[in-house]
Amino acid sequence: MKPISNAAVLARFGYALSDPTRAEILMKLAAQPQYPGELAAELGVSRQSMSNHLSCLRECGLAVAVPEGRRSRYELAHPDLAHALNDLLGVVLLASEGHVPHP
């Protein structure tokens with residue numbers, strides 16, 4: 001199997017972040033693990049849409065499903081991703097002139 005290049009890894013990360021709902025899911029997972037149904041309700045999307053977004057995040061290597069009985073809890077694939085997401089957000093906000101950050 002051919003190794004994945006750094007550029008391909010970054011492109012996959014960028015693809016995951018290119019959708020506002022997926023970006024919001026990642027920020028919520030950075031704060032704490034979540035269940036799909038709760039995420040769907042919080043973000044105002046259907047369960048099917050949430051399932052599709054979580055599938056994309058799993059395939060991009062950013063989120064993992066942790067089985068808990070008949071349910072699965074989602075969390076970031078690696079604890080360092082939370083720090084990286086917050087750093088990236090900070091840099092992007094600094095570069096966005098006129099942006100008013102939300103708490």
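**Close-up views of a predicted model**

**View 1. Leu62, a buried loop residue.** Leu62 is buried, with a relative accessible area of 6%. Everything shown here comes from a predicted model. Leu62 belongs to the loop that links H4 and S1. Which residues does Leu62 touch, leaving aside its neighbours within four places in sequence? Look for Phe13, Ala16, Leu26, Leu57, Glu75, Leu76, Ala77 and Leu81. One of these partners, Ala16, lies 46 residues away from Leu62 along the chain, and the two C-alpha atoms are separated by 8.3 Å.

**View 2. Helix H4 and its buried residues.** Here you can follow helix H4 through residues 47-59, 13 residues in total. From first C-alpha to last, H4 reaches 18 Å, close to the 18 Å expected at 1.5 Å a residue. Its buried residues are Met50, His53, Leu54, Ser55, Cys56 and Leu57. What do these buried residues of H4 pack against? Their partners are the helices H1 (6-17), H2 and H3, together with strands S1 (63-68) and S2 (71-76). After H4 comes Gly61, which has a positive phi, near 80°.

**View 3. The hairpin of S1 and S2.** Strands S1 and S2 run in the antiparallel sense and pair over six bridges. One pair to find is Glu68 with its bridge partner Arg71 in S2. Two residues sit between the strands of this hairpin, and Gly69 in the turn has a positive phi of about 65°.

**View 4. The two sides of helix H5.** Helix H5 takes in residues 80-95, which makes 16 residues, and its first and last C-alpha atoms are 23 Å apart, close to the 22 Å expected at 1.5 Å a residue. The buried residues of H5 are Leu81, Ala82 and Leu85. They lie on the same side of H5 because they cover an arc of only 105° around the axis. It helps to recall that an α-helix has 3.6 residues a turn, so residues three or four places apart point the same way. H1, H2 and S2 are among the elements that cover the buried residues of H5. Turning to the other side of H5, you will find Asp80, His83, Val91, Leu94 and Ala95 exposed.

**View 5. Gln34, between two helices.** Gln34 is in the loop between helix H2 (20-31) and helix H3 (36-43). Is Gln34 buried or exposed? Its relative accessibility is 5%, so Gln34 counts as buried. Not counting residues up to four places away in sequence, Gln34 touches Lys28, Leu29, Leu39, Glu42, Arg73 and Tyr74.

Notes
Residues are numbered from 1 along each chain as its sequence is written. This is a predicted model: local features need pLDDT of at least 70, side-chain atom pairs count only at pLDDT 80 or more; totals for chains, interfaces and linings use all residues. Side-chain values use heavy atoms; hydrogens and water are left out. Helices (H or I, at least four residues) and strands (E, at least two) are DSSP runs, numbered from the N terminus. Buried means under 20% relative accessible area, exposed over 50%, partly exposed in between (1.4 Å probe, protein chains only). Contact means heavy atoms within 4.5 Å. The expected span of a helix is 1.5 Å times one less than its number of residues. Two strands pair if DSSP finds at least two bridges between them. The arc is that of the directions from the helix axis to the C-beta atoms.
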